[in-house]
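Here's a short set of exercises to work through with the model open in your viewer. Try each task before you read its solution.

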Amino acid sequence: MFDTLKTWFTEGIPIAEGAEWSKNKITDWFAFLFEPIKEHFGDFMSWLSEDVLMNIPPYILIIVIAIIAFFLSGKKLGLPIFSIVGLWLIYNQGLWDHLISTFTLVLLASILSVIVGVPLGILMSKSSIAEAIMKPVLDFMQTMPAFVYLIPAVAFFGIGMVPGVFASLIFATPPTVRFTNLGIRQVSKELVEASEAFGSTGAQKLFKVELPMARATIMAGINQTVMLALSMVVIASMIGAPGLGREVLSALQRAQVGPGFVAGIGIVILAIIIDRFTQTANSKKE
Amino acid sequence: MPVIEAKNLSKVFGKNPKHALELLDEGLSKDEILKKSGNTVGVNRASFSVDAGEIFVIMGLSGSGKSTLVRLINRLIEPTEGSILIDDQDLATMDKKELRQVRREKLSMVFQRFALFPHRTILQNAEYGLEIQNVPKEERSQKAKEALEMVGLGGYLDQRPDQLSGGMQQRVGLARALANDPEVLLMDEAFSALDPLIRKDMQDELLELQTKMKKTIIFITHDLDEALRIGDRIALMKDGSIVQIGSPEEILMNPANDYVERFVEDVDRSKVLTAQHIMKRPETINIEKHGPRVALERMREEGLSSILVVDSNRNLKGYVTAEDASEARKNDVRDIHEVLQTDIKKVDKETGMQDIFTIINGSPIPVAVVENERLVGIIVRGAVIAALAGDSEVNLDV
């Protein structure tokens, strides 16, 4: 015991070894879970992006998006026009398939983040113990450099889309959890009392009062999550996730400013459209 | 038969509430306990019972524990000790499910800042209590509409709460509480957030509604005028304890201690006192038996300048002045009718002080107080002024 402490003191505490060990153990223990996920989820994603979305003629998809944008933004023309011009430009630059891949990754990573994040946020708002435990974990998840998540992602799921989604999930979930927690805790005490005073069950209170009241805050969190997922999906190209990020990465590796710039613009356009979509969807129902 | 009864209801906020209760038993004050144990006494052994159809007002300054007390009644705050009996069931020991049932069926609450759900329409707000009981849609919207109709908001069903004024919002709050048809209505400073004129309207409306509904109402307020206006009985709270329970008159006339006395000092007494509180026992003669001679004799005995005349049933007939009576005696008139004056001013025993004041001002003779034409007392001008000045020399045993 004392000797161990002494070696820790002189030669450093083996944190890296510990992390390695944990990774190996988790890979072993959860192989039964990771393997099918890798296989089926991976298949599903390629099917969605390559067989479904890429098979829709680009101009039809652009028009559909523009129409959705038109109604979503309250029949204003700004967002539809930007969508048409921006998406056409990406198509024009020959990046359409990459755009679809990136979009699929962002979409799935965001949906999963919300599915995981909202219930966690609810739990956190209901239990102060859960909050005390999860706050530092969330801080850790958000401040750890995003690249680091790629390592266990590869270990668990190999390379490709699935580890990309996994890394995005870890990186992008915290805002949804935090904002859900915040939103519910911010619901006026009197409204919660009113709901209880009339004899609501916990679930009735949550679904009829707290979640509707916290909706705007939760949506703001989801918007953040989607944007983080996008940034992570770009980084995930380093572990073989397809999409616009891969174009940036290869341009970087060959020091080609031109193609890198074009792919970068594609990401910016996608980011702006996604951001505006989620924001207007939120503000519209106010 | 009380509908709701609180026994030794206590709430201590802090880490060691039982210890604080022991300290209370030792006679320490709220401040001393806070200093000694770090616990805050919210409510200290409140006991009261409220009868069916009664408006029971709990009143106290901010920090007196009244809002805590009302939340103990429906257990929005868990009591540290004591019991709350509704129909002989103890709320304090119920499990969650039973408690929910009682809240749904027997207790409704109206909140200070309305607490309407902003994402629901007025109708949906009023439906809330029924909705969570899974009442079928048709039935609950019917009941909610009736409740909204009752508070005069039948035409605003599809508006949102923020489109309504404060007074209207609180009507929705009231309708939401009434839609459940509860036995007991808890109103937590329900009108305090409204401006004074609207508040008065709402008080009047509540009283009017109450004549129809006959609900048992527990009403919290910090406003003594409001308490006196609407309360059948008032409980006064200080530092978490109930210091006095009584009718408005009792509280005003016989303050239990200095605190209550200071509280009621600046109340406009003319608003609560009525003729019966300041009248005196009248000196009378009987029109069927007595003549001017007896009248004069009585007046001399009592040192009066006039005397009231009644019949054998004590129905008021008029009055005789000393001057007229002595004139009559000189002229040897035997019949009292000859000198009887009938222009006497009468007030009902429920007449308020302000009205009495205008009547008595400029009347040389005392005002007669009647109950169904029967004489029950007289009011002399001095008594009115004394009562307005807060002199407690008034008669409460009526």
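**Exercise 1.** Find the bridge partner of Pro2(B) in S2(B), then work outwards to the sheet.

*Solution.* Step one: Pro2(B) has Asp51(B) as its bridge partner in S2(B). Keep in mind that this is a predicted model, where local features need pLDDT of at least 70, side-chain atom pairs count only at pLDDT 80 or more, and totals for chains, interfaces and linings use all residues. Residues are numbered from 1 along each chain as its sequence is written, while chains are lettered from A and ligands numbered from 1 in the order in which they are written.

Step two: strand S1 of chain B, residues 2-13, pairs with S2(B) in the antiparallel sense through eight bridges. (Strands are DSSP E runs of at least two residues, helices are H or I runs of at least four, both numbered from the N terminus; strands pair if DSSP finds at least two bridges between them.)

Step three: put the strands in order, and you get S2-S1-S4-S5 in chain B, an open sheet of four strands with antiparallel pairing. Strands S2 (40-51) and S5 (89-90) of chain B are at the edges with a single partner strand each, so one side of each has no neighbour in the sheet.

**Exercise 2.** Which strands does helix H3 of chain B touch?

*Solution.* H3 (residues 66-73) packs on the sheet and touches S1, S2 and strand S4 (81-86) of chain B. Contact here is C-beta atoms, placed from the backbone, within 7 Å. For the direction, H3(B) makes about 60° with S2(B); axes are lines fitted to C-alpha atoms, for helices over the stretch in contact, and angles run from 0 to 180 degrees between N-to-C directions.

**Exercise 3.** Take apart the side of chain B that touches chain A.

*Solution.* Start with the count: 15 residues from chain B meet 14 residues from chain A. Next, H4 (96-105) and H5 (122-131) of chain B each supply at least two residues of chain B's side. H4(B) gives the largest share, four residues. Finally, sort chain B's side by type: seven nonpolar, four polar and four charged. (Ala, Val, Leu, Ile, Met, Phe, Trp, Tyr, Cys and Pro count as nonpolar, Asp, Glu, Lys and Arg as charged, the others, Gly among them, as polar.)

**Exercise 4.** What are the spans of the C-alpha trace of chain B along its principal axes?

*Solution.* The spans are about 90 × 55 × 35 Å. As for secondary structure, chain B has 16 helices and 16 strands.

Terms used. Two residues are in contact if their C-beta atoms, placed from the backbone, lie within 7 Å.
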